[in-house]
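User: Please take a close look at how the helices pack against one another in this model, and at the empty space that is left beside them. I would like one connected account, with the cut-offs stated where they matter.

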Amino acid sequence: MAAAFALSRRAFLPHLPLRFFSSLTVSPAILSSPAASSAPRLNLDDTERLYASVPTGDLLSSLGMLYTMAMEPAVDLGMAVMRSPAVMERRVLREAVVRAVRRTVYRKFCAGEDAEEAERTLGRLWESGLRGIVNYGMEDADDGSTCDRNLAGFIKTVEMTAKMPPDSVSFACVKITAICPIHLLERISDLLRWEKKHPSCHLPWKQTSFSILTNSSPLYHTLTTPPPLTQEEEVQLQLSHSRLATLCKRCADTNLPLLVDAEYTSVQPAIDYMIYSASLEFNANAKKQRPIVYGTLQSYLKDAKERLVQAVDAAERAGISIGFKLVRGAYLSRESYLAKSLGVASPIHSTIQETHACYNDCAAFLLERMVKGSASVVLATHNLESGRVAAAKVEELGLGKGDQGLQFAQLMGMGDGLSLGLRNAGFQVSKYLVFGTVEQVIPYLLRRAEENRGFLSTSTLDRQLIMKEVKRRLKVAVMGK
């Protein structure tokens, strides 16, 4: 891992002394969002303005890491090492891997090891005119005691935000898999799918929620009648509802909305069920206001638009505002492998163009519902064209760029050029900040590595923009213009 990431990164950087590049540093500036009426259109061509708040050293560091992660052999080696029990179960080897990861991909994509480090990262973002979505990076709990510990970490994260400058934090974030045992989510999802197949199926534990699945949703995970929940499982489910309610209540008390991440299709029905149940309780008084609970929709799924319309319509009938984070999706390999192993069609769109079209269609739908006051949206995208299409739709609909019900978002370490461009155009922009120990966030880092793997990956635009700006600064330093 150390050789794969660290050596190739050093090999990429220009062979010039560091003191030379430090002389090119542009001092960070605190940039305030202009009024919507006078804000310029989204434009990434002027890299001098785009990266005015970013020191040259930071640009070079990002460029080196992005080029390294575009080298498929290096990324494949790193991913194999992090997934290898033979390596990670041996203390000496694990410690060596953790040190290498901490110096490379962890520093690029994560906000720190604890709440205090995340707070400092958030402060630097705020100074550059961006906001933060804070996420205590826990996933896939196996038992109730682990869920309780994770909940304490999420609550501490919410409490941390009270010490930050007002409006510097846009959302807290949680994974249901961290506060509800993963095996229970699988069981609930099986039963919800079976209920969809057989509407007469009675689920005595089910709370009031919206419809979860549609006729086009993947149901192949559940081929035979699943056994009912045991009494112990029903108790675990109630405890999981209580954990989510406790977190929602803390967020409501601090007026900090909560984003609930999406997962793979084998457990997503249970997650949506819990999100919609919590939305009915905590978004009930949020009509024409920003909701407290936001779900996440993955537009790479073929049933995404149908499920979105179904949920928004149900929320309107219930008289509540509903919130969604719109993403493309991060479990492509897992979903494709499962579908292939079962001999069924993949739930994911056949082409990336279909995914882009679905994303843009869902974004337009949510923006239109924003006009009615029935929805709020976080447009989480690293795709420039989707950013431009959404920005144009906002102007077409006459929505205010400073409207708190509309946010753009990108992951820390990804889509930085788009983040800065949207900021300069007057939009509310947040970076998704995951924090936790290296061992804790390895599943998250593996997903980021897969997304950035290859020269035609998600990071292509950032590499091009940063390289253009580094060349411009080098020319200025050498030629004085």
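Analyst: Helix packing and adjoining spaces

Where H10 meets H13, the residues on the H10 side are Gly-144, Cys-147, Asp-148, Leu-151, Phe-154, Ile-155, Val-158 and Glu-159, and their partners in H13 are Arg-243, Thr-246, Leu-247, Arg-250 and Cys-251, contact meaning heavy atoms within 4.5 Å and helices being DSSP runs (H or I, at least four residues; strands are E, at least two) numbered from the N terminus. The model is predicted, with local features needing pLDDT of at least 70 and side-chain atom pairs counting only at pLDDT 80 or more, whereas totals for chains, interfaces and linings use all residues. Residues are numbered from 1 along each chain as its sequence is written, and side-chain values use heavy atoms, leaving out hydrogens and water.

H10 covers residues 144–161, and its axis lies 10 Å from that of H13 at an angle of about 5 degrees (axes are lines fitted to C-alpha atoms over the stretch in contact, with angles from 0 to 180 degrees between N-to-C directions). That makes H10 roughly parallel to H13, a label for angles under 35 degrees, with over 145 being roughly antiparallel, 65 to 115 roughly perpendicular and the rest oblique. The contact of H10 with H13 divides into 7 nonpolar, 2 polar and 4 charged residues (Ala, Val, Leu, Ile, Met, Phe, Trp, Tyr, Cys and Pro are nonpolar, Asp, Glu, Lys and Arg charged, and the others, Gly among them, polar).

H13 (residues 231–253) also packs with H14, their axes coming within 11 Å and crossing at roughly 45 degrees. H13 and H14 are therefore oblique to each other, and H13 passes H14 in a right-handed crossing (the near helix is turned clockwise from the far one by less than a right angle; anticlockwise is left-handed). Ser-240, His-241, Leu-244, Ala-245, Cys-248 and Lys-249 of H13 make this contact with Tyr-273, Met-274, Ser-277, Ala-278 and Phe-282 of H14. By class, the contact of H13 with H14 has 7 nonpolar, 3 polar and 1 charged residues.

H14 (residues 268–282) leads on to the enclosed space, for it supplies the largest share of the lining of the largest cavity, 3 residues. On a 1 Å grid over the protein atoms alone, a cavity is a set of points where a 1.4 Å probe fits but cannot get out, while a pocket is an open set with protein on both sides within 12 Å along at least five of seven lines; lining residues have an atom within 4 Å of a point. The count comes to 3 cavities of 30 Å³ or more, and the largest cavity has a volume of about 100 Å³, a volume being the space filled by probe spheres set on grid points joined across faces, edges and corners. Its lining includes Arg-193, Thr-265, Gln-268, Asp-272 and Arg-307, and it divides into 5 nonpolar, 3 polar and 4 charged residues.

Elsewhere, H4 (residues 56–70) and H21 (residues 460–479) pack at about 140 degrees, with their axes 10 Å apart. H4 and H21 are therefore oblique to each other, and H4 passes H21 in a left-handed crossing. H4 also provides 6 residues of the lining of the second largest pocket, the largest share. This second largest pocket holds about 1,100 Å³ of space, and among its 39 lining residues Asp-58, Ser-62, Arg-124, Met-412 and Asp-416 lie nearest its centre.
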